[in-house]
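Hi,

Here is the structure I promised to pass on. Have a look through it first, and then read my notes below.

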Amino acid sequence: MKKFVNQSEISRRDAMKLITAGSAAGILGLFGSQESRAETHATPFYATGIPPVKIKSVKAIATAPEGSNLVIVKVETTEPGLYGVGCATFTQRAMAVITAIDSYLNDFCAGKDVDNIEDMWQSAYVSSYWRNGPVLNNALSGLDEALWDIKGKRANMPVYQLLGGKCRIAVDCYAHASGRTPEALADRVQQFMDQGFRHVRIQQGGYGGVGTTEQQPDFKEAGFGREQDQFMDQNAYLKGVPEMFDVVRKRCGEDVELLHDIHERVEPVDAINMIKQLEQYHPFFIEDPFSPENMNWFKHLRTHTTVPIAMGELFNNYNEFRDYMVDQLFDYIRIHISQIGGITPAMKIARLGEWFNVKTAWHGPGDTSPVGHAANAHIDLAVWNFGIQESHFWNERAQEVFPGCQTYNNGYMYINEAPGLGVDINEKEAAKYPIGTRSNWTVRKSDGTIIKP
């Protein structure tokens, strides 16, 4: 006779089988050999997707296709053909950075995992015991950017995707306009406006008006200092900047955003008085009114003017400007990314700024390499509190040395949308342009006193 079993009995039997099977598995796991358990748990889940890659070597590549010394870090890995590049450019002391890279970083990094960027940054930062200055920070920055470049290539993504993805279509930039007279300067501003730039930084001559006067300073007459030392007439500069703004505004209108860089070359009280005079011309920002030795003057500046202020180009350590950002004493953080150690600390600084409405305005002159400009741009694309980016237009020699240079259209910078940072270096071309050791940042008053940048 056929035996009929009801559904509830089948369910009970199936449940008992599952319980028995689970118990057996648990017992096997509990009493199984150490070898079998080690095999089960040897590889963490996060590491099963991509096999580990180690650093094979770290080296410096120096070149000067436009005259300024540029230093690149190249990190080669144990994976054939996989390497990364980063910017370690400290133009004024390039040879010291090269020594730090080749003599210290190479030995320090060999054999380490390329994926652990934060650990690499922190360990390299403190490995010299004393906190880093500009030489070691630039070396560290080159390493850091090269590791991000490698990580992007391993992920087959541009670096900005690893930082959170795009917040904007492209990177809005400002151009540099200068001229010996305000009228010549206004003509140059108009040219950039015709190219689509909405932001233009204006300077009469060089920083501080250097090169706009025929006056022979007394220190030159006395044979004091070096022949190439420059002269700045601070009073003429303080008088000329408001006049410069007035001419450019009248000639070019109110639609263009105007910026200006004091470059810390006047006394703090004089800078405050001049900035107050500029309020009527609505500057986008005034940059570096005070040197790092005069940071407490920002409190006085804030109470006397509403002009937006950019600061930070000369900072080495992100602890130097943390409190000033938190206290909202300036509006734009203007750091040189290789000066403070690369993408890793720059992202932390940008995130801090978001909390206190401080926007980014990374330093990006011709003595930041195309690799460094790419690092700037990837962060610019990814952070919400982006403000503006300094632009530089690379000549043909530089573009041959650095395939993948940024391009510009309608005032925007566009990056090479390749995995990693998108910029490479042609070592054969780079070798055609050797670097030098001369620096021309010495500026004096008429009596020969050094003016601090």
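**Notes on helix α9 and its surroundings**

Helix α9 covers residues 234-252, so to speak a run of 19 residues, and it reaches 27 Å from its first C-alpha to its last, close to the 27 Å expected at 1.5 Å a residue. Keep in mind that this is a predicted model.

Let's walk along the helix. At the N-terminal end of α9, aspartate 233 acts as a cap: one of its side-chain oxygens lies 3.3 Å from the backbone nitrogen of asparagine 235. Further on, α9 has a kink of about 30° at glycine 240, shortly before proline 242. Just after the helix, glycine 253 takes a positive phi of about 90°.

Which parts of the structure does α9 pack against? Its buried residues pack against α7 (182-194), β5 (199-204), β7 (257-261), α10 (268-278) and β8 (285-287). Among the buried residues of α9 are Tyr237, Leu238, Phe245 and Cys252.

Now for one residue in strand β7, aspartate 261. Aspartate 261 counts as buried because its relative accessibility is 0%, and the cut-off for buried is under 20%. A polar atom of its side chain lies 2.8 Å from the backbone nitrogen of histidine 263. Leaving aside neighbours within four places in sequence, aspartate 261 is in contact with Arg201, Gln203, Tyr207, Tyr237, Glu287, Asp288 and Glu313.

Last, the cysteines. How many disulfides does the structure hold? Zero. Cysteine 87 counts as buried at 1% relative accessibility, and cysteine 109 counts as buried at 0%.

Cheers

How values were computed. Residues numbered from 1 in each chain as written. Predicted model: local features only at pLDDT ≥ 70, side-chain atom pairs only at ≥ 80, totals over all residues. Heavy atoms only, no water. Helix = DSSP H or I, 4+ residues; strand = E, 2+ residues; numbered from the N terminus. Expected span 1.5 Å × (residues − 1). Bend = angle between axes of the 7 residues up to and from the residue. Buried < 20%, exposed > 50% of the residue type's maximum accessible area, 1.4 Å probe, protein only. Contact = heavy atoms within 4.5 Å. Polar contact = N/O pair within 3.5 Å; in protein donor to acceptor, adjacent residues only side chain to side chain. Disulfide = S-S within 2.5 Å.
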